[in-house]
Every structure is written in C-alpha cells, then in structure tokens.
Amino acid sequence: MRAMVLDTSKQPLQLRDVPKPRPGRGQLLVRVSTCAVCRTDLHVVDGELPNPKLPLILGHQIVGQVEEIGEEMWEGPERPDGRGAPTIAIGDRVGIPWLGWTDGDCAYCQSGRENLCDNGRFTGYTIDGGYAEFTVADARYCFHLPERYDDVEVAPLLCAGLIGYRSYRKTGDARRLGLYGFGNAASLIAQIAIYEGRELFAFTRPGDKATQQGAKELGAVWAGGSDEMPPEKLDAAIVFASVGPLVPAALRALAKGGVVVCGGIHMTDIPSFPYADLWEERVITSVANLTRRDCEEFFEIAPRIPVRTQTETFALEQANTALDLFRAGELSATAVLTIAE
Ligand SMILES: [Zn+2]
Ligand SMILES: [Zn+2]
C-alpha cells in the first residue's frame, strides 16, 4: 500500500510502498478514506514530542471503511473494560482517534481516566496512523460517525473536535469563556459554547483582523488580540495556541475562581508571573488525550448543533505540502488528506 512515512524527525515524509498491515486479535483493518492533519502531527515531525515510533505513519483523525476484522474479537461481558461486544461489521464507516489502546487495568483506567493510562498508545505517534491507504486499529477505540457528515467534513472532529470538547468540558459552567488561539479546535468548540449560551471572547494573534472577524461571524461577543484585555473578566479561558506566554495572559483576564485550560499537547515555556494573578482560587490545568466517553458525548452533541468544519483537501502524496502550509500559518481551514478513490 502507499503510505507517507516519517523516517526521522525534522525530515519530510517519504512516499513509500509498504506492506499492507494485517489485523491482529481485536483489531480492524480499515481502508482509509480521509485523514485530517493535526497540529500534533507537526509537533511529531518537528521532534517536539518524545519517543515517537520510527519509522512512523502519522495521522490520528482517520475516517475509513472496515475491510477485515481480526480474529478473536472480544465478545460479551467478559471484556476487561466491562463494555459490551463491539458492534462494528465489515463495510462499516468508522473513525479512529488519537487514543489507540489502553491496558484497561492501571489505576487511571480503573478510575475512568483512561486518557491518562500508564501504558496508553496513540494513533499516528506510538502506533501507525492514517497517512496511508490502510491502517489497523483496536476495535474498542473505533467509532461509528454521525451520518450527516461526509468523510471529509467529519475528519477534523476526530481530534480538534474531541480534544477541544474535553478542554471545553473542563471549563464547567463558565458563562464568559475566552479562547486563546482561534484555529481548528477553537472554531469547532466556539459553536458548541455559543449553542450552550456562553459568551465567547476570541483572542487571536495581535492584528489578525481576518480571524477576529471570523470569530465574530461565528457569534463571539468580543474578538481581539491576545495582547488585549477583554472588556469583562472571564470565568474560564482555553489556550489552544502552543504559546506559553498566553497562559499568564489568560490568567490575568480571569475573574476570581476562574480556570485556564491548556488544550495542547505541546507548549513553549510558560514565563513566571506574580502569585497575585493565581490567588483567589484561580486554576491552571491541562488536557491530555481523550476518553471513549468524550467520543460518545461529543458525537452525540456535534450533529445536533450541528458543528460545521472548514476543510481544505490534499492528496496523500501532498501531505508534506499540507504540513508546511500548516506550520507557516497559511492554511485557512483544516487540511484533510483524501486517500481512497
Ligand atoms: Zn491504563
Ligand atoms: Zn490531534
């Protein structure tokens, strides 16, 4: 099969003919239709995340068709995680997200926090992902996707949507919500926040009037540069940009008891700040990975709103172009690789 392979960090991906993977116990062989490009893919290519599998096939926002089911699927209630048997059949459309495997029995898995599993494996990072014609995935981490979305428009929901949603849920019932970095995840989460009646404050790169205008068109009550203070104090802020200095900036914009949620997997260093900015029970927290429950909740709510994605498609062999444009900030929508005929 054709695949775009990362041999070593800081090198372009190589288009290569590699053996088609075989599904093992409990796995699905999936013919990849689309795979959206995530900022995390850039962090992996740029060597900013430790110990990726190498060589590696990137991509963790995968949409495809089940072509084969590995032998010995878990069946019935004896599955270690206590969930029912998978209901996935050959020919089904499935989504494959970042969380690819957990052990099911560490202290985190046992307490409903499989996103923090001590032995978790991640699609397109520690296991091969979707920048290829086929991939294999653990059936327990594959999902049916809402029918109202086609394969291109649903792909960005599988990470920007899901991790964004997990970040958003950590803001509790905040009425005034700030989003720092108004890219893929923020523009999806903004739609849910507005649907749920939050007042949205969008922070972009200073001077990025076009993105500020886009945020207002989505329904933000205020949009400005990340160097500006909002007109009112915020109950919560999510920092989606991988820019550490935004954390104390967001903290200064908070009302008492407010929370800053860091939504990315990688961020530049956070500069020091006075304790007074944190005092009065302000909180800084982060979001790591996702759980299957996040998937279930998000894919229940997203089609009801409906959350709409903006996409720009690229052929598989154009993956380096998509990554380069992303890195340069020159994409105006989420890049999606279209792979199956
Ligand atoms: Zn675990
Ligand atoms: Zn991602």
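Which residue in S9 is the bridge partner of valine 30?

1. The partner of valine 30 in strand S9 is threonine 135. The model discussed here is a predicted one, and the points below consider its strands in groups, beginning with strand S3.

2. Strand S3 covers residues 27–36, and S9 covers residues 134–138. These two strands are antiparallel, with 5 bridges between them. The student may recall that the strands of a sheet pair through backbone hydrogen bonds, in either a parallel or an antiparallel manner.

3. S3 also pairs with strand S5, residues 62–69, through 7 bridges, again in the antiparallel sense. Valine 30 can serve as a landmark for this pairing, since valine 66 of S5 stands opposite to it. The residue thus appears in two pairings: it faces valine 66 in S5, and it has threonine 135 as its bridge partner in S9.

4. A further pairing links S3 to strand S17, residues 334–338. The two strands run antiparallel and are joined by 3 bridges. Here the landmark is alanine 36, which stands opposite valine 336 of S17.

5. Is strand S3 mostly covered or mostly uncovered? Of its 10 residues, 8 are buried, and the strand is accordingly described as mostly covered.

6. An open sheet of 3 strands, with antiparallel pairing, has the order S2-S1-S4. Its edges are formed by strand S2 (14–17) and strand S4 (56–57), each of which pairs on one side only. Strand S1, residues 2–6, is joined to S4 by 2 bridges, and the two run antiparallel. Within this pairing, valine 5 has isoleucine 57 of S4 as its bridge partner.

7. Another open sheet consists of 6 strands with parallel pairing, arranged in the order S12-S11-S10-S13-S14-S15. Strand S12 (222–225) and strand S15 (283–286) are its edge strands, and each pairs on one side only. On average, neighbouring strands in this sheet are turned by 20° against each other, with direction ignored.

8. Within the parallel sheet, strand S13 (residues 234–239) and strand S14 (residues 254–262) are connected by 5 bridges. Valine 239 is found opposite cysteine 262 of S14.

9. Which strands does helix H6 lie across? Helix H6, residues 209–218, lies across strand S11 (199–204) and S12. Relative to S12, the helix runs at about 165°. S12 is also an edge strand of the sheet, where S11 follows it in the strand order.

Technical notes:
Residues numbered from 1 in each chain as written. Chains lettered and ligands numbered in written order. Predicted model: local features only at pLDDT ≥ 70, side-chain atom pairs only at ≥ 80, totals over all residues. Heavy atoms only, no water. Pairing = 2+ DSSP bridges. Helix = DSSP H or I, 4+ residues; strand = E, 2+ residues; numbered from the N terminus. Buried < 20%, exposed > 50% of the residue type's maximum accessible area, 1.4 Å probe, protein only. Axes fitted to C-alpha atoms, helices over the stretch in contact; angles between N-to-C directions. Contact = heavy atoms within 4.5 Å.
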